[in-house]
Structure formats: C-alpha cells, structure tokens
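Got the viewer open and a selection box ready? Let's take a walk through this one together, stop by stop.

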Amino acid sequence: DADPNQYYVKPGSYLSTLQLTTINANCLVYEIPVSLRFILREKSKSLFFATAGLSTYFMKREDYNYNYLRNGSNYSYEKEFQGNQHPFSIAGFSVGYAHKLNKRLFLFAEPYIQMPLQGIGEGKVNLFSSGIWTGIIFRK
C-alpha cells in the first residue's frame with residue numbers, strides 16, 4: 001500500500017482528478033544489480049567486507065488499485081501499466097562478516113540498505129529497503 005503523497009500522479013491524467021486515499025500495487029519487477037565488494041580485512045578464521053552498487057529496475061507489469069473518495073463515498077479504479085524502466089535507480093550499501101568453517105566454506109551475515117536515486121514504477125515511488133543477507137560463501 002502507498003499513501004497518495006508517496007505516489008506521483010501525472011498532471012492532467014484521470015488520476016489527478018481523483019481524491020486518492022490509498023494505492024495498492026502488484027508488480028512484476030526484474031532487478032539487475034551491479035555491485036563491487038571490497039575485502040576490508042581477512043584473518044585466518046574471519047573476513048570483513050563492504051559492498052556498494054546500483055540496481056536497475058525493469059517493470060514487466062504494474063497492476064494498481066486506486067482507492068478514492070467522491071461525494072463522501074469510497075470507490076476504486078484499476079489500471080495496468082507495462083514497460084517502465086529505471087536504470088541505476090537504487091543505490092545499495094552493505095557491510096558484512098564471514099566466519100570460515102573450513103578451507104572453502106564461510107558463513108556470512110551482511111546488513112544492507114537500499115536507497116532510491118529516483119522513483120520506481122508508474123507512480124515514481126521511492127523504494128527504501130534494509131535487511132540482513134545471510135548465507136554461505138564458497139571459495140575455490
């Protein structure tokens with residue numbers, strides 16, 4: 001769900017004539033990340049690293065349900081969009097720690113944040129995300 005003030009409506013469009021209350025979206029998105037990982041420090045049993053990069057978003061399909069008020073009553077309007085592209089629109093940063101299990105395997109944890117450089121989708125919504133990637137690193 002998006003609040004109407006988080007969603008850009010094109011001036012002069014039908015949506016710009018409505019008093020939007022909420023916007024629900026279901027989107028099929030392809031994300032293509034490009035990143036660089038820097039090894040900050042490597043010891044016999046541990047590895048510290050940082051990653052920085054940019055992601056491109058290809059919006060294959062965007063299905064929106066716009067909820068709005070008209071004359072005191074609630075209504076909804078559905079619209080589909082296709083083909084929006086957002087090259088290098090999200091910047092990502094992370095730092096991580098990996099613990100060596102054996103000669104080739106490391107367990108890792110990597111807190112990250114992704115911040116918008118521009119809005120995504122038909123409504124140009126600013127996507128922020130954060131979390132922790134965890135997994136196993138295999139080294140040859």
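What joins the side chains of Ser94 and Glu110? Select both and look between them: a polar contact of 2.5 Å joins the two side chains. Before you zoom in further, keep in mind that this is a predicted model.

**Stop 1: Ser94**

Stay on Ser94, which is found in strand 4, residues 85-100. Ser94 is buried, at 7% relative accessibility. Now show what surrounds it. Not counting residues up to four places away in sequence, Ser94 touches Phe49, Ala50, Thr51, Glu110, Pro111, Tyr112 and Trp133.

Two of those names are worth a click. Thr51 stands opposite Ser94 of strand 4, and Ser94 also stands opposite Tyr112 in strand 5.

**Stop 2: the strands around it**

Switch to a cartoon view and colour the strands. Strand 2 and strand 4 run antiparallel, with twelve bridges joining them. Strand 4 also pairs with strand 5 in the antiparallel sense, over nine bridges. Look at the turn there: strand 4 and strand 5 form a hairpin with four residues between them.

Carry on to the next pairing, where strand 5 meets strand 6 in the antiparallel sense over ten bridges. To see one such bridge, select Phe108, whose partner in strand 6 is Gly135.

How many of the ten residues of strand 6 are buried? The count is one, and strand 6 is hardly covered.

As you follow the side chains along a strand, here is a handy rule: in a regular strand they alternate between the two faces of the sheet.

**Stop 3: Glu110 and the salt bridges**

Go back to Glu110, the partner of Ser94 in that 2.5 Å polar contact. Is Glu110 buried or exposed? Glu110 is buried, with a relative accessible area of 2%. Now add Arg37 to the selection: Arg37 forms a salt bridge with Glu110, and the closest N and O atoms are 3.0 Å apart. Arg37 lies in strand 1 and Glu110 in strand 5, so this pair ties together parts that are 73 residues apart in sequence. Arg37 itself is partly exposed, at 45% relative accessible area.

Why might such side chains meet at all? Side chains of opposite charge can pair when their charged atoms come close.

The structure holds four salt bridges, and we'll visit some more of them. Select Lys10 and Glu122, which form a salt bridge with their closest N and O atoms 3.0 Å apart. Lys10 lies in the segment before strand 1 (19-42) and Glu122 in the loop between strand 5 (105-116) and strand 6 (129-138), so the pair ties together parts that are 112 residues apart in sequence. Check the surface as well: Lys10 is partly exposed, with a relative accessible area of 45%, whereas Glu122 counts as buried at 13%.

Next, pick Glu42 and Arg139. Their side chains meet in a salt bridge at 2.8 Å, N to O. This pair links distant parts of the chain, with Glu42 in strand 1 and Arg139 in the segment after strand 6, 97 residues apart. Both turn out partly exposed: Glu42 has 45% relative accessibility and Arg139 has 32%.

**Stop 4: Thr56**

Now jump to Thr56, which lies in strand 2, residues 46-70. Thr56 is buried, with a relative accessible area of 10%. Which backbone nitrogen does the side chain of Thr56 reach? That of Phe88, at 3.0 Å. Show the contacts too: leaving aside neighbours within four places in sequence, Thr56 is in contact with Tyr30, Glu31, Ile32, His86, Pro87 and Phe88.

**Stop 5: a nonpolar patch**

Hold on to Phe88 and turn on the surface. Select Leu28, Tyr30, Ile32, Val34, Leu54, Phe58, Phe88 and Leu117, which make a nonpolar surface patch of about 720 Å². Strand 1 and strand 2 are the elements that give two or more residues to this patch. Which strand gives the most to the nonpolar patch? Strand 1 does, with four residues.

Finish on Leu28, whose place is in strand 1. Leu28 is partly exposed, with a relative accessible area of 34%. Leave the surface on and spin the view to take in the patch.

Key. Residues numbered from 1 in each chain as written. Predicted model: local features only at pLDDT ≥ 70, side-chain atom pairs only at ≥ 80, totals over all residues. Heavy atoms only, no water. Buried < 20%, exposed > 50% of the residue type's maximum accessible area, 1.4 Å probe, protein only. Polar contact = N/O pair within 3.5 Å; in protein donor to acceptor, adjacent residues only side chain to side chain. Contact = heavy atoms within 4.5 Å. Pairing = 2+ DSSP bridges. Patch = residues over 30% accessible without salt bridge, like charges linked within 9 Å, V, L, I, M, F, W, Y side chains within 5 Å. Areas by Shrake-Rupley, 256 points an atom, 1.4 Å probe, with all protein chains shown as cover.
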